[in-house]
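Trainee: Please take one part of this model and go through it closely, from the way into it to the contacts that tie it to the rest of the chain.

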Amino acid sequence: WGWAPALLLAFLLPASQVSSNLEGKMMSVTGKIGSAVDITCHVEQSVADIHWYLFQEGKAQRRLLYYDVLNYEMVVESGVSKEKYNPVIGTVKSFKLRLQHLEAGDSGVYYCTSWD
């Protein structure tokens with residue numbers, strides 16, 4: 001029996017998207033260290049871009065990246081590895097963010113948002 005460390009990721013799902021507020025419901029995602037997990041963001045209407053943020057206890061909110069839906073382009077913030085995150089369009093109203101090569105430091109609250 002092998003024991004693999006796991007980490008818990010909490011994700012804030014937007015209640016009604018195309019806004020910059022943080023209201024929503026929580027969903028927990030757990031993944032093994034070294035594995036990958038997907039977090040899905042559902043929006044109420046088509047959007048031009050999706051912004052992904054991370055909250056970690058004791059640290060300031062941090063935008064990780066945004067995904068330009070119209071041009072199929074990911075733009076990462078300074079200091080964020082392109083290999084770590086992979087945004088994917090499921091449909092025009094459903095987007096996934098794949099967190100790859102999970103580490104203990106990835107634990108936190110993730111959320112997506114977009115502005116109209």
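Mentor: A good place to begin is histidine 101, which is found in the loop between strand 8 and strand 9, because that loop leads us to the part I would like to examine, strand 9. Please keep in mind throughout that this is a predicted model. The phi angle of histidine 101 is near 55°, a positive value in a residue other than glycine, and with a relative accessibility of 52% this histidine counts as exposed. There is a second residue of this kind elsewhere in the chain: tyrosine 72, although not a glycine, has a positive phi of about 50°. Tyrosine 72 is found in the loop between strand 5 and strand 6, the latter covering residues 73–76, and its relative accessible area of 62% makes it exposed.

Strand 9 itself, residues 109–113, is mostly covered, since four of its five residues are buried. For the setting, the protein has nine strands and zero helices, so that β follows β throughout when the pattern is read along the sequence. Of its 116 residues, 40% count as buried.

The pairing of strand 9 comes next. Strand 4, which runs over residues 49–55, pairs with strand 9 in the antiparallel sense, and the two are joined over five bridges. Within this pairing, leucine 54 stands opposite tyrosine 110 of strand 9.

Tyrosine 110 also brings us to the packing of nonpolar side chains. The largest nonpolar core has 21 residues, and tyrosine 110 is one of those with the most contacts inside it, together with Ile50, Trp52, Leu64, Tyr85, Phe95 and Leu99. Strand 9 is among the strands that each supply at least two residues of this core, the others being strand 3, strand 4, strand 5 (62–68) and strand 8 (94–99). As a general rule, nonpolar side chains in soluble globular proteins tend to be buried together. Tyrosine 85, another of the core residues with the most contacts, touches Tyr110 directly; leaving aside residues up to four places away in sequence, tyrosine 85 also touches Leu64, Leu65, Met74, Val80, Leu97, Arg98, Leu99, Gln100 and Asp106.

Moving along strand 9, we reach tyrosine 111, and with it the aromatic pairs. A search of the whole structure finds two of these. In one, tyrosine 53 and tyrosine 111 are stacked, with 5.0 Å from centre to centre and 10° between the planes. Tyrosine 53 lies in strand 4 and tyrosine 111 in strand 9, so this pair ties together parts that are 58 residues apart in sequence. Both of these tyrosines are buried. The other pair is formed by phenylalanine 55 and tyrosine 111, whose ring centres are 5.5 Å apart and whose planes meet at 15°, so that this pair is stacked as well. It again links distant parts of the chain, with phenylalanine 55 in strand 4 and tyrosine 111 in strand 9, 56 residues apart. The cover of the two partners can be set side by side: phenylalanine 55 is partly exposed, with a relative accessible area of 25%, whereas tyrosine 111 is buried at 4%. Taken together, Tyr53, Phe55 and Tyr111 form one aromatic cluster.

After tyrosine 111 comes the covalent tie. A search of the whole structure finds one disulfide, and it joins cysteine 112 to cysteine 41 with an S to S distance of 1.9 Å. Cysteine 112 lies in strand 9 and cysteine 41 in strand 3 (residues 37–42), so the bond ties together parts that are 71 residues apart in sequence. The torsion about the S-S bond is about 80°, and the disulfide is therefore right-handed. Both of its ends are covered: cysteine 41 is buried with a relative accessible area of 0%, and cysteine 112 is buried with 3%.

To place these links in the protein as a whole, consider contacts between residues at least 6 apart in sequence, of which 56% join residues at least 24 apart. The picture of strand 9 is thus one of a mostly covered strand that is paired with strand 4, contributes to the largest nonpolar core, shares an aromatic cluster through Tyr111 and is joined by cysteine 112 to cysteine 41.

Definitions and conventions: Residues numbered from 1 in each chain as written. Predicted model: local features only at pLDDT ≥ 70, side-chain atom pairs only at ≥ 80, totals over all residues. Heavy atoms only, no water. Buried < 20%, exposed > 50% of the residue type's maximum accessible area, 1.4 Å probe, protein only. Pairing = 2+ DSSP bridges. Disulfide = S-S within 2.5 Å. Core = buried A, V, L, I, M, F, W, Y, C linked by side-chain atoms within 4.5 Å. Contact = heavy atoms within 4.5 Å. Phe/Tyr/Trp six-rings, centres within 6.5 Å; stacked < 30°, edge-to-face > 60°.
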